[in-house]
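Trainee: Could we go through this structure together? I would like to begin with one loop and then move to the charged side chains.

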Amino acid sequence: MFGFGSMLKDYLEYHNISQSDFAKRLGISQKHINNILNENADISEDLMIAISLITHIDIKLITFVETKKKLYDFLNTKFKDEKEINDYLNSFHIKEMDKMG
């Protein structure tokens, strides 16, 4: 599962922005931005906001992608396979709760 780091990497490449320049604008080290871009580090809420302000990428997209990655990573550490994950998630009766609003 990919987080926002891979999307940000594509953004920087598309706009021809170097990692070091972007790291300076964010006030973080080049190593830290490299870890984020290569999905080796989580993105803090403060950093998500800063990235959104600099890039004009909607903060909702950044938080959605990062949260989805964290949930995926969590579930894969707790369960041995996709069937166990699905059984666990289905135990919450999500469809029925959704119908009830």
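Mentor: Certainly. Asp81 sits in the loop between α5 (59–78) and α6 (82–90). Please keep in mind throughout that this is a predicted model.

Trainee: Is Asp81 buried, partly exposed or exposed?

Mentor: Asp81 counts as partly exposed, because its relative accessibility is 33%.

Trainee: What lies 3.2 Å from a polar atom of the Asp81 side chain?

Mentor: That is the backbone nitrogen of Lys83.

Trainee: And how far is Asp81 from Asn38?

Mentor: Their C-alpha atoms are separated by 25 Å, and the two residues are 43 apart along the chain.

Trainee: On to salt bridges, then. How many does the structure hold?

Mentor: The structure holds 4 salt bridges. One of them pairs Asp42 with Lys69, with the closest N and O atoms 3.7 Å apart. This pair links distant parts of the chain: Asp42 is in the loop between α3 (30–37) and α4 (45–55), Lys69 is in helix α5, and their positions lie 27 residues apart in numbering.

Trainee: Which of those two is buried, and which is partly exposed?

Mentor: Lys69 is buried, with a relative accessible area of 7%. Asp42 is partly exposed, with a value of 46%.

Trainee: What other salt bridge does Lys69 form?

Mentor: The side chain of Lys69 also meets that of Asp73 in a salt bridge, at 3.6 Å from N to O. Both residues belong to helix α5 and are 4 residues apart, about one turn of the helix. Asp73 is partly exposed, since its relative accessibility is 34%.

Trainee: Where does Glu84 come in?

Mentor: Glu84 forms a salt bridge with Lys80, at 4.0 Å from N to O. Glu84 is partly exposed at 30% relative accessible area, whereas Lys80 is exposed at 69%.

Trainee: Which residues are joined into one network by salt bridges that share partners?

Mentor: Asp42, Lys69 and Asp73 are joined in that way.

Trainee: Now an acidic residue without a partner. What is the situation of Glu66?

Mentor: Glu66, which is found in helix α5, is buried yet has no salt bridge. The nearest side chain of opposite charge is that of Lys70, 5.0 Å away.

Trainee: Why does Lys70 at 5.0 Å not count as a salt bridge partner?

Mentor: A salt bridge requires a side-chain nitrogen of Lys or Arg within 4 Å of a carboxyl oxygen of Asp or Glu. The 5.0 Å separation of Glu66 and Lys70 therefore does not qualify.

Trainee: Which residues does Glu66 touch, leaving aside those up to four places away in sequence?

Mentor: Glu66 touches Gly3, Phe4, Gly5, Asp42, Ile43 and Met48. Asp42 in that list also forms the salt bridge with Lys69.

Trainee: Let me change topic to the backbone. What is the phi of Asn16?

Mentor: Phi of Asn16 is near 55°, a positive value in a residue other than glycine. Most residues other than glycine have a negative phi. Asn16 lies in the loop between α1 (4–14) and α2 (19–26), and it is exposed, with a relative accessible area of 71%.

Trainee: And what about Glu39?

Mentor: Glu39 has a phi near 65°, also positive in a residue other than glycine. Its place is in the loop between α3 and α4. Glu39 is buried, because its relative accessible area is 18% and buried means under 20%.

Trainee: What are the surroundings of Ser52?

Mentor: Ser52 is found in helix α4 and is buried, with a relative accessible area of 15%. Not counting residues up to four places away in sequence, Ser52 touches Ile57, Asp58, Ile59 and Ile62.

Trainee: Finally, the surface. Which residues form the nonpolar patch?

Mentor: Tyr88, Phe92, Ile94, Met97 and Met100 form the patch, and together they have about 540 Å² of accessible area.

Trainee: Which helix supplies the largest share of the patch?

Mentor: Helix α7 (residues 94–100) does, with 3 residues. Ile94 lies in helix α7 and is partly exposed, at 47% relative accessible area.

Technical notes: Residues numbered from 1 in each chain as written. Predicted model: local features only at pLDDT ≥ 70, side-chain atom pairs only at ≥ 80, totals over all residues. Heavy atoms only, no water. Patch = residues over 30% accessible without salt bridge, like charges linked within 9 Å, V, L, I, M, F, W, Y side chains within 5 Å. Areas by Shrake-Rupley, 256 points an atom, 1.4 Å probe, with all protein chains shown as cover. Helix = DSSP H or I, 4+ residues; strand = E, 2+ residues; numbered from the N terminus. Buried < 20%, exposed > 50% of the residue type's maximum accessible area, 1.4 Å probe, protein only. Polar contact = N/O pair within 3.5 Å; in protein donor to acceptor, adjacent residues only side chain to side chain. Lys, Arg positive; Asp, Glu negative; His and termini not counted. Contact = heavy atoms within 4.5 Å.
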